[in-house]
Amino acid sequence: MNEELSDLIQQRIDKVRALREKGVNPYPVRFARDSIARDIKEQFKDDEQKNVRVAGRLRSKRIMGKASFVNIEDASGSIQVYARLDDLGAENYEIFKQLDLGDIIGVAGFTFRTKQGEISIHAHEFKFLAKCIQPLPAVKEKDGELFDEFADRELRYRQRYVDLIVSPKSKSDFIMRSRIIAGIREFLTKRGYIEVETPMMQAIPGGAAAKPFITHHNALDIDLYLRIAPELYLKRLLVGGFEKVFELNRNFRNEGISTKHNPEFTMLEMYEAYADYHTMMQIAEEMVSTLAHNCLGTMKIDYQGTRINLAPPWEKITFVDIIKKYTGVDFNVISSVEEARKAAASVGVKVDPDLSVWRIANEIFEDKVESQLLQPTFVMDFPKELSPLAKSREDNPEIVERFEPYIAGREIGNAFSELNDPFDQRARFEEQVRMREAGDEEAQRMDYDYINALEYGMPPAGGMGIGIDRLVMLFIDTASIKDTILFPLLRPER
């Protein structure tokens, strides 16, 4: 902390002490507010002086001799307050003049319009509600544009509360996130889905290929895992007779942090009995385009300088064909690991020597293809080896009915025609166990209870997961997932 800032903080602490000595509590229990800034402005009538009680944070002030103007801001917007010595009294007006930017105050008065035409509140009472000790970052404005606005990006993430105070864009972005989530709930419940909750601590982490976080339950003396996905529990509900279910869930994966990944993230997972992956494609493009229309007013958005059209129908192309389209490598004719390695080398992709043909194909796809998929695209029909929970195609058992939607070069989801054959599922789990024993930490574990559930009979179904954080990235036009998470995980400050 620099010396100048330290002096400012000390000055504000001294003001708190002085207020207490005068018998003024700078942090009182309550203030009865009956109006907000937006409603006052929208309902204002020039021929009516309406008594109001408002509260908010002080954002600007013009302190003069016997009259002063300040602007206070609440969640709905800001409004000007006019205060006079004659109305507040000498002692209270002196306290009013000592207000600092960032202080939270309550004001009672009546509405009026100034000579300059600004709707304002003529105060006859004000009350300290919370003294702001830490000075707010300096935010400058020119021609209606904010700049020099809490420029330290990492500090914005560490002190999100300050970021929200000084940055209207940050606040509106998180309001957008809330609207997106509310829109998803509305979209699905109108289609007969019910929202459920499944365990976040699991004895067997399943439903995805990922390394879990481990915790310990003292009373039971057992290790548990923070869930990497709710999939296997949601499909147990299909067995139990719930035919349309969804969960907006927090997942935890012990993986690296990047602009596209946060170890704790939010997913939508949904399952529908008697549906398949074609049903899920229709829902995905209809849901995302509807959200765009309702939240942004358009299905054509600009993301990081690229115009993207979210209107259905989206392009559909197979996993093998998309690799061939962008690299020229045709996995329809590659039959050996050696051929696959040579193909990878020919397009500049380095692969581990122990990878199989299809895992090499996936390396090429992730390295050379994903970033090219700017317009909404369903990449479909993945190799069975890469999809242990999806149902095989009837015409080719080595290919599964699975798709991933891509927008702006980024995967935003994953969907299957769900595997409901307990014998096939057991065999695939066993293969995953062999991979795990060979050193693959992300391979799935055997879940005997899930096999047991399937043995009671699960109807054919379609299922889909959509990454909420990545969807929000698209809607608010940011390249970093941290801008969509109120309190992203960061390294501890030294």
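Which residue does the side chain of Arg-307 meet in a salt bridge? I looked this up before anything else, and the partner is Asp-302, with 2.8 Å from N to O. A reminder to myself: this is a predicted model.

**Entry: the Arg-307 pair**

I checked how covered the two partners are. Arg-307 has 48% relative accessibility and counts as partly exposed. Asp-302 comes out at 44%, so that residue is partly exposed too. The label fits because partly exposed runs between the 20% and 50% cut-offs. I also jotted down the basic idea: side chains of opposite charge can pair when their charged atoms come close.

**Entry: the whole protein**

Then I stepped back for an overview. The protein has 494 residues, and 48% of them count as buried. I found 15 helices and 22 strands listed for the protein. Along the principal axes, the C-alpha atoms fill a box of roughly 90 × 55 × 50 Å.

**Entry: other salt bridges**

How many salt bridges does a search of the whole structure find? The search turns up 38. I picked a few to look at.

One of my picks was in helix α1, which spans residues 3-21. Asp-14 and Arg-17 both sit there, three residues apart, and that is about one turn of the helix. Their side chains meet in a salt bridge at 2.9 Å, N to O. For cover, I noted Asp-14 at 34% relative accessibility, so it is partly exposed. Arg-17 is partly exposed as well, with a relative accessible area of 43%.

My next pick was Asp-367 with Lys-368, whose side chains form a salt bridge at 3.8 Å, N to O. I wrote down 46% relative accessibility for Asp-367, which makes this residue partly exposed. Lys-368 has 29% and is partly exposed.

I also came across a group rather than a pair. Arg-12, Lys-15, Asp-100, Asp-103 and Lys-131 are linked in a network of salt bridges.

**Entry: surface patches**

Which residues form a negative surface patch? I noted Asp-352, Asp-354, Glu-363 and Glu-366. I followed up on Glu-366 and found it in helix α12, which covers residues 357-369. With a relative accessible area of 43%, Glu-366 is partly exposed. That value also passes one patch requirement, because patch residues need over 30% relative accessible area.

There is a nonpolar surface patch to record too. Tyr-161, Leu-486 and Phe-487 make this patch, and its area is about 340 Å². I looked closer at Leu-486, which lies in the segment after α15 (468-476). At 36% relative accessibility, Leu-486 counts as partly exposed. So Leu-486 is over the 30% cut-off for patches as well.

**Entry: cysteines**

Last lookup: how many disulfides does the structure hold? The count is zero. For my own notes, a disulfide is a covalent bond between the sulfur atoms of two cysteines.

I checked two cysteines while I was there. Are they buried or exposed? Cys-132 has a relative accessible area of 10%, so it is buried. Cys-295 is at 11% relative accessibility and counts as buried. Both calls rest on the cut-off, because buried means under 20% relative accessible area.

Terms used. Residues are numbered from 1 along each chain as its sequence is written. This is a predicted model: local features need pLDDT of at least 70, side-chain atom pairs count only at pLDDT 80 or more; totals for chains, interfaces and linings use all residues. Side-chain values use heavy atoms; hydrogens and water are left out. A disulfide is a pair of cysteine sulfur atoms within 2.5 Å. Buried means under 20% relative accessible area, exposed over 50%, partly exposed in between (1.4 Å probe, protein chains only). Patches are made of residues with over 30% relative accessible area and no salt bridge: like charges are joined within 9 Å, nonpolar side chains (Val, Leu, Ile, Met, Phe, Trp, Tyr) within 5 Å. Accessible areas come from the Shrake-Rupley method with a 1.4 Å probe; for residues, only the protein chains shown count as cover. A salt bridge is a side-chain nitrogen of Lys or Arg within 4 Å of a carboxyl oxygen of Asp or Glu. Lys and Arg count as positive and Asp and Glu as negative; His and the chain ends are not counted. The place of a charge is taken as NZ of Lys, CZ of Arg, CG of Asp or CD of Glu. Helices (H or I, at least four residues) and strands (E, at least two) are DSSP runs, numbered from the N terminus.
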